[in-house]
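Could you walk me through this structure in my viewer? I would like to know what to select next and what is there.

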Amino acid sequence: MPAPPQKVIFCCLKSPGEHGGGETPITDMRGVMRDMDSSLVERVRTRQIRYVRNIADKSRSGWNWQTNMHSEDREEVERFLTDKGFSYRWNADDSLSYWFSTDGLSEHPRSGETYWFNQLTEHNGSCFKVHPEFMNQTKDISEFPRHTSYGDGEEFSEEDMAHVREVQWKNSYGFHWRQGDVLVMDNFMVGHGRMGCNPGVTDRKIIASITKN
């Protein structure tokens, strides 16, 4: 995978308002490494993390592999995935599944300090169980649009998932946006996410930029 950016820069063009929600959680990744169970850290270090994408055919969804891959030619898509080093599978309903494994920890390019650096919880299929558009679906969590597991395909336990979420939230702070705010973060030392806006709020506009150093 390409080297991740070292800095992430956000600028608020339109604020969601004082009570509009839409905060950006920022996470102290040193605190995450300090509080994370050491045995889980070691398992992630040695076994990596597998990221899975399940993408429907255009006959079934507006979000489909033809649009996502900018091609309707399966052979062209297969060449693209193979060149990237991804594994893939065409499913009986004409959907596409592909996956790759990568490190879940990363060293800071300047300090050499090791950080928890992954999207284990954010991309895990269990998130869709509480998503308004998916929460009534009964499919296995590995069949949702995104999923994560250990690099060898073994699922993370519910206990491990709960622990990671607890540690990340324990070390997170909600950044409330005002128009004109600029937020510059070291991408290794500080994690980030996004909270949804409150119902009826449509004015939030945040632009982002990334840099190598």
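**Across the strand pair**

Start by selecting arginine 89: across from arginine 89, in β5, stands serine 97. Keep in mind that this is a predicted model.

Now widen the selection to both strands. β4 and strand β5 (residues 96–102) run antiparallel to each other and are joined over four bridges. As background, strands of a sheet pair through backbone hydrogen bonds, either parallel or antiparallel.

Next, bring in the rest of the sheet. It is an open sheet of four strands in the order β4-β5-β3-β8, paired antiparallel. Look to the edges for β4 and β8 (146–150), each of which pairs on one side only. On average, neighbouring strands here are turned by 20° against each other, direction ignored.

Go back to β4 (residues 87–90) and pick serine 87, which belongs to this strand. Serine 87 is partly exposed, at 35% relative accessibility. Show its surroundings: beyond neighbours within four places in sequence, serine 87 is in contact with Ser97, Tyr98 and Trp99. You can also draw a distance from serine 87 to valine 52: their C-alpha atoms are 9.5 Å apart, with the two positions 35 residues apart along the chain.

Last stop: the cysteines. Select cysteine 12, which is buried, with a relative accessible area of 1%. Why is cysteine 12 without a bond to cysteine 11? Because the sulfur of cysteine 11, the closest cysteine sulfur, lies 7.0 Å away, which is too far for a bond; the cut-off is 2.5 Å. The disulfide count is zero, and cysteine 11 is in no disulfide.

Technical notes: Residues numbered from 1 in each chain as written. Predicted model: local features only at pLDDT ≥ 70, side-chain atom pairs only at ≥ 80, totals over all residues. Heavy atoms only, no water. Buried < 20%, exposed > 50% of the residue type's maximum accessible area, 1.4 Å probe, protein only. Helix = DSSP H or I, 4+ residues; strand = E, 2+ residues; numbered from the N terminus. Contact = heavy atoms within 4.5 Å. Pairing = 2+ DSSP bridges. Axes fitted to C-alpha atoms, helices over the stretch in contact; angles between N-to-C directions.
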